[in-house]
Amino acid sequence: MLSATDEAEKVSEFIDLNRYPIHRLETPEGQSLLEKCQRELRTRGACQLDGFLRPYAVERLVAEALGKADSAYRTDDTHNVYFETIPDSVADDDPRGMRQHSSKLTIAWDRIDQDSPLRAVYNWDALTNFIGQALEMPQFYRYDDTLGACSVALFEKGDELGWHFDRSHFAVTLMLQPTDAGGEYEYFHMLRTPGDENEQGVVSRLRGSSEGVIRLANEPGTLSLFRGRYSMHRVKPVLGETTRVNAVLAYSEKPDDKLNSLTQSLFYGRTT
């Protein structure tokens, strides 16, 4: 078993620990980084660390993902912004009846190479600890799911994530390759709140209003932390020929958490 120092040295091949000392949060540099992330998550619901992954790691992960595209699982569905059953009959101004489209390819965790940089990064305790503290979560654990712990999403031409609110309180992603046209990540910060669904505001945005829209950068190697439970967001349709590739890192407030078989089947086309 590697010591903490040896493990950090190994992972530094993939993560720029000079710029982002996530393994030394007790230092002034580490505290400054942590406070920056916490502040941005509180004020705008998102924090991005560009250049978090080194170019070498990004290149390896993109090559691995594209090499597995033919065996990835494709989803192509319509849904509403709440991912709830769409009623048979609703008023024109009811967001529950306004259909959105989402489609993509997904490579499950058990299909990621054993020597992949993604495994070294995701399995590193220091990264888990940093993300948990940045999100100000008192309990924070990696997902214990053979398929969904850390997956890779590929968006080919025409693919997108339609407008939606997340069911979870946070999302963690690594951008690996943006497309050459389209595929932008957009969101409306706190469009709803725990006490106000703001259905009128949701409908207005679904009908095309861009009032208050925020667009996140899509630079390769960027680590993004995002709070999407109350901020409606989407990935715009990919228009270019270059496949958009990003990794989705799953965590939970509970130890040993995993997807149920129905969700596994929905996201990955199989169960464990």
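1. A residue is called buried here when its relative accessible area is under 20%. With that in mind, and remembering throughout that this is a predicted model, a reader can start at helix H6, which covers residues 199-206 and in which Gly201, Val202, Val203, Arg205 and Leu206 are buried.

2. What do the buried residues of H6 pack against? Their partners are strand E3 (100-107), strand E6 (161-164), strand E8 (185-188) and strand E11 (232-235). The helix lies across E6, E8 and E11, and its direction makes an angle of about 20° with that of E11. After the helix comes Gly208, a residue with a positive phi, near 120°.

3. The next point concerns the sheet. Strands of a sheet pair through backbone hydrogen bonds, and the pairing may be parallel or antiparallel. In this model, 4 strands form an open sheet, arranged in the order E6-E11-E8-E9, with antiparallel pairing. At the edges stand E6 and strand E9 (213-216), each of which pairs on one side only. From one strand to the next, the twist averages 15°.

4. One pairing in this sheet can be followed down to single residues. Strands E8 and E9 are joined in the antiparallel sense over 4 bridges, and Glu186 has Arg215, in E9, as its bridge partner.

5. Trp163 is a useful residue on which to bring the helix and the sheet together. It is located in strand E6, and it counts as buried because its relative accessibility is 7%, where the cut-off is under 20%. Leaving aside neighbours within four places in sequence, the contacts of Trp163 include Arg205 and Leu206, as well as Glu186, Tyr187, Phe188, Met232, His233 and Arg234. Other residues in contact with Trp163 are His79, Asn80, Val81 and Gln100. Although Trp163 and Tyr187 are 24 residues apart along the chain, their C-alpha atoms are separated by 8.5 Å.

6. The aromatic residues deserve a point of their own. A pair of aromatic rings is described by the distance of the centres and the angle of the planes. The structure holds 11 aromatic pairs. One of them is formed by Tyr122 and Tyr251, whose ring centres are 5.5 Å apart and whose planes meet at 45°, so the pair is described as tilted. This pair links distant parts of the chain, since Tyr122 belongs to helix H4 (residues 117-122) and Tyr251 to strand E13 (residues 251-252), 129 residues apart. Both Tyr122 and Tyr251 are buried.

7. Why is the pair of Phe140 and Phe170 also called tilted? Its ring centres are 5.5 Å apart and its planes lie at 50°, whereas stacked would require under 30 degrees and edge-to-face over 60. Phe140 is found in the loop between helix H5 (125-134) and strand E4 (141-142), while Phe170 is in the loop between E6 and strand E7 (171-177), so the pair ties together parts that are 30 residues apart in sequence. Phe140 is buried, with a relative accessible area of 13%, and Phe170 is buried as well, at 10%.

8. These two pairs belong to a wider group, for Trp109, Tyr122, Phe140, Phe170 and Tyr251 form one aromatic cluster. A charged group is also found at this cluster's Trp109, where the charged end of Arg119 sits over the ring, 4.1 Å from its centre. A further arrangement of this kind involves Arg192, whose charged end sits over the ring of Phe165, 4.2 Å from the ring centre.

Conventions:
Residues numbered from 1 in each chain as written. Predicted model: local features only at pLDDT ≥ 70, side-chain atom pairs only at ≥ 80, totals over all residues. Heavy atoms only, no water. Buried < 20%, exposed > 50% of the residue type's maximum accessible area, 1.4 Å probe, protein only. Helix = DSSP H or I, 4+ residues; strand = E, 2+ residues; numbered from the N terminus. Contact = heavy atoms within 4.5 Å. Pairing = 2+ DSSP bridges. Axes fitted to C-alpha atoms, helices over the stretch in contact; angles between N-to-C directions. Phe/Tyr/Trp six-rings, centres within 6.5 Å; stacked < 30°, edge-to-face > 60°. Lys NZ or Arg CZ within 6 Å of the ring centre and 35° of its normal.
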